[in-house]
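Trainee: Please choose one part of this structure and take me through it closely. I would like to follow the charged side chains and how far each is open to the surroundings.

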Amino acid sequence: MNETRCAKAMFEGWSKSARRSLARPFAVCVIGLSLGACASVKPGKDSSFIGEIQRRDAIRHASVWSRTDVPSMDLKKGPPVEHPMGFNE
């Protein structure tokens with residue numbers, strides 16, 4: 001089955017007005033996506049951007065992971081906090 005016959009078979013039971021009502025939103029989506037794909041975002045020379053040195057320094061000092069001794073923890077009790085909640089509260 002070629003593409004034209006397949007498209008006709010897909011919309012066979014639809015009225016002409018129903019097909020027309022879908023044509024405009026479809027065209028707007030296609031045009032919008034086409035224009036959006038052509039757009040490019042380039043960083044400006046704004047003072048709010050940090051430099052490469054500041055970025056690397058921030059990453060170097062970031063705490064992402066720390067060693068945890070899971071066997072010594074009481075998972076029902078939870079972490080040591082000021083106002084703890086009981087188990088299943």
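Mentor: D57 is a suitable starting point: this residue has a relative accessible area of 36% and is therefore classed as partly exposed. The class follows because a residue is called buried under 20% and exposed over 50%, with partly exposed in between. Please bear in mind throughout that the model is predicted.

The partner of D57 is R60, and their side chains form a salt bridge with an N to O distance of 3.6 Å. R60 itself reaches a relative accessible area of 61%, so R60 counts as exposed. Both residues belong to helix α3, where R60 and D57 are three residues apart, about one turn of the helix. Elsewhere, shared partners link E52, R55 and R56 into one network of salt bridges.

That network can be taken apart pair by pair. In one pair, E52 is bridged to R55, and their closest N and O atoms are 3.2 Å apart. The two positions, R55 and E52, are both in helix α3 and are separated by three residues, about one turn of the helix. In the other pair, the side chain of E52 meets that of R56, at 3.0 Å from N to O. Here the spacing is four residues, again described as about one turn, and both R56 and E52 lie in helix α3.

The accessibility of these three residues can be read against the limits already given. E52 has a relative accessible area of 43%, so E52 is partly exposed. R55 stands at 40% relative accessibility and is therefore partly exposed. R56 is at 52%, so R56 counts as exposed. The count of salt bridges comes to three.

The setting of this helix deserves a few words. The chain contains three helices and zero strands, and along the sequence they follow the pattern α-α-α. Confidence in the chain is highest in α3, at a mean of 88, and lowest in helix α1 (residues 3-10), at 62. Across the chain, the mean pLDDT is 75, with 76% of the residues at 70 or more.

The surface totals complete the setting. Of the 89 residues, 0% count as buried. The accessible surface of the chain is about 9,300 Å², and carbon and sulfur atoms account for 60% of that area.

Beyond the helix, there is also a nonpolar feature. V70, M73 and L75 make a nonpolar surface patch of about 310 Å². M73 lies in the segment after α3 (52-61). With a relative accessible area of 42%, M73 is partly exposed; M73 can therefore take part in a patch, because patch residues must have over 30% relative accessible area.

To return to the part we examined, helix α3 holds the pair R60 and D57, while E52, R55 and R56 are joined through the salt bridges of R55 with E52 and of R56 with E52.

Key
Residues numbered from 1 in each chain as written. Predicted model: local features only at pLDDT ≥ 70, side-chain atom pairs only at ≥ 80, totals over all residues. Heavy atoms only, no water. Buried < 20%, exposed > 50% of the residue type's maximum accessible area, 1.4 Å probe, protein only. Areas by Shrake-Rupley, 256 points an atom, 1.4 Å probe, with all protein chains shown as cover. Patch = residues over 30% accessible without salt bridge, like charges linked within 9 Å, V, L, I, M, F, W, Y side chains within 5 Å. Salt bridge = Lys/Arg side-chain N within 4 Å of Asp/Glu carboxyl O. pLDDT = per-residue confidence, 0-100.
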